[in-house]
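Subject: Structure handover

Hello,

Here is the structure I said I would pass on. Please open it next to this email and follow along.

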Amino acid sequence: MSSRTDGVRVICRGKVWLVGAGPGDAELLTVRAHRLLASARVVAYDELVSPQILAVAPADAELIAVGRRAGGCRHHEARIHPLVLERALEGMEVVRLKGGDPLVFGRGGEEAEELAAARIPFEVVPGISAALAAAARAHIPLTHRECAASVTLVTAHAAEGTPHLAANVTREGTLVFYMGLGRVLETCAALVAEGRAPGTPAAVVSRATLPGERVVVGTLADIAARASERGMEAPALLIVGEVVARRVESVALLEALESAASRTDRR
């Protein structure tokens, strides 16, 4: 959109909202994310954004799929989908909906740089990261005063030709590996090779907060086989550390309490 004032042409750019959609459950959207999505005219969404979240958008909103498999535009080929820039340069406001938090393995930083280069106003709306949601739903405390004073978030996909990223992470605290369901065996082997004990507790959390959510618990030595046997589906995260053992204790306690309450009710 443009206008002329005293012979000077003024370009009216729109705005892009980099919005975190959270882990998938629409009830876990932030209030601000829900408000922006509910009034959006253009929504550009990643492939991991759940249908129930997209249903919050107005029925007549333009929905643009910008995931890795959408429209031939893969994330490694473009920092941001061309239609996002096009709509913003036309003067429209765009909700760029990203799974989890936009700036945690969501390439939000790269998209923000591209928007800034194009002189397009933008704003980041935080969302619940998948690591936080998956751990919470699995009753795994990412930190614990007795066994974990730090959390490291890692992508399981190293650049081609580089060492596995597990070789460069800390040997202390909790580790959470994103986007690594197909590389659990390789990741665990790399961690053991770098000094973590094979008996270190580990868990795979699949489809956290979504229908079909599942959790498999084991150790670095056997979690890959356990996840394969259970047929775990993406999206999934691998959580490694002594905190996983705390999850087993808490779940056992909850089951005992529920069983006791059930016996009381029958009386």
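Which element of the protein has the lowest mean pLDDT, and which the highest? Strand E1 (residues 2-5) has the lowest, at 46, and H1 has the highest, at 98. Keep in mind that this is a predicted model. The mean pLDDT of the protein is 86, and 83% of its residues reach 70 or more. Two stretches call for care. Over residues 1-5 the pLDDT is below 50, and this stretch has 16 contacts in the model beyond near neighbours in sequence. The pLDDT is also below 50 over residues 69-77, a stretch with 15 contacts beyond near neighbours in sequence. Where pLDDT is low, the predicted coordinates should not be read in detail.

The parallel sheet

Five strands form an open sheet with parallel pairing, in the order E5-E4-E6-E3-E7. Strand E5 (62-65) and strand E7 (122-125) are at the edges; each has a single partner strand, so one side of each has no neighbour in the sheet. From one strand to the next, the twist averages 20°.

Within this sheet, strand E3 (residues 15-20) pairs with strand E6 (residues 93-98) in the parallel sense, over six bridges. To find the pairing on screen, look for Val16, which stands opposite Val94 in E6. Helix H4 (residues 108-117) packs on the sheet and touches E3, E6 and E7; its direction makes about 175° with that of E3. Helix H1 (residues 31-38) lies across E3, strand E4 (42-45), E6 and E7, and runs at about 135° to E3.

One residue of helix H4 is worth a look: Glu111. Is Glu111 buried or exposed? Its relative accessibility is 2%, and the cut-off for buried is under 20%, so Glu111 counts as buried. Leaving out residues up to four places away in sequence, Glu111 touches Leu18, Arg79, Ile80, Arg96 and Lys98.

A charge over a ring

Lys15 lies over the face of Trp17, at 4.0 Å from the ring centre.

The antiparallel strands

Strand E10 (residues 201-206) has two antiparallel partners to look at. Six bridges join E10 to strand E11 (residues 214-219), and five join E10 to strand E12 (residues 236-240). In the pairing with E11, Pro201 stands opposite Thr219. In the pairing with E12, Ala203 stands opposite Ile239.

How many of the six residues of E10 are buried? Six of the six are. In a regular strand the side chains alternate between the two faces of the sheet. In E10 both faces are covered: Pro201, Ala203 and Val205 are buried on one side, and Ala202, Val204 and Ser206 are buried on the other.

The aromatic pair

The count of aromatic pairs comes to one. Phe105 and Tyr178 form this pair, with 4.8 Å from centre to centre and 55° between the planes, and the pair is tilted. The pair links distant parts of the chain: Phe105 is in the loop between E6 and H4, Tyr178 is in strand E9 (residues 174-178), and the two are 73 residues apart. Their accessibility can be compared with the cut-offs, which are under 20% for buried and over 50% for exposed. Phe105 has 38% relative accessibility, so Phe105 counts as partly exposed. Tyr178 has 8%, so Tyr178 counts as buried.

Backbone details

Most residues other than glycine have a negative phi, and most peptide bonds are trans. Three places in this model are listed here with that in mind.

- Met179, in the loop between E9 and helix H6 (184-193), has a phi near 55°, a positive value in a residue other than glycine. Met179 is partly exposed, with a relative accessible area of 37%.
- Thr209, in the loop between E10 and E11, is not a glycine either, yet has a positive phi of about 70°. Thr209 is buried, with a relative accessible area of 7%.
- The peptide bond from Ala234 to Pro235 is cis, with omega near 0°. Pro235 is found in the loop between helix H7 (223-230) and E12.

Regards

Conventions: Residues numbered from 1 in each chain as written. Predicted model: local features only at pLDDT ≥ 70, side-chain atom pairs only at ≥ 80, totals over all residues. Heavy atoms only, no water. Pairing = 2+ DSSP bridges. Helix = DSSP H or I, 4+ residues; strand = E, 2+ residues; numbered from the N terminus. Axes fitted to C-alpha atoms, helices over the stretch in contact; angles between N-to-C directions. Contact = heavy atoms within 4.5 Å. Buried < 20%, exposed > 50% of the residue type's maximum accessible area, 1.4 Å probe, protein only. Phe/Tyr/Trp six-rings, centres within 6.5 Å; stacked < 30°, edge-to-face > 60°. Lys NZ or Arg CZ within 6 Å of the ring centre and 35° of its normal. pLDDT = per-residue confidence, 0-100.
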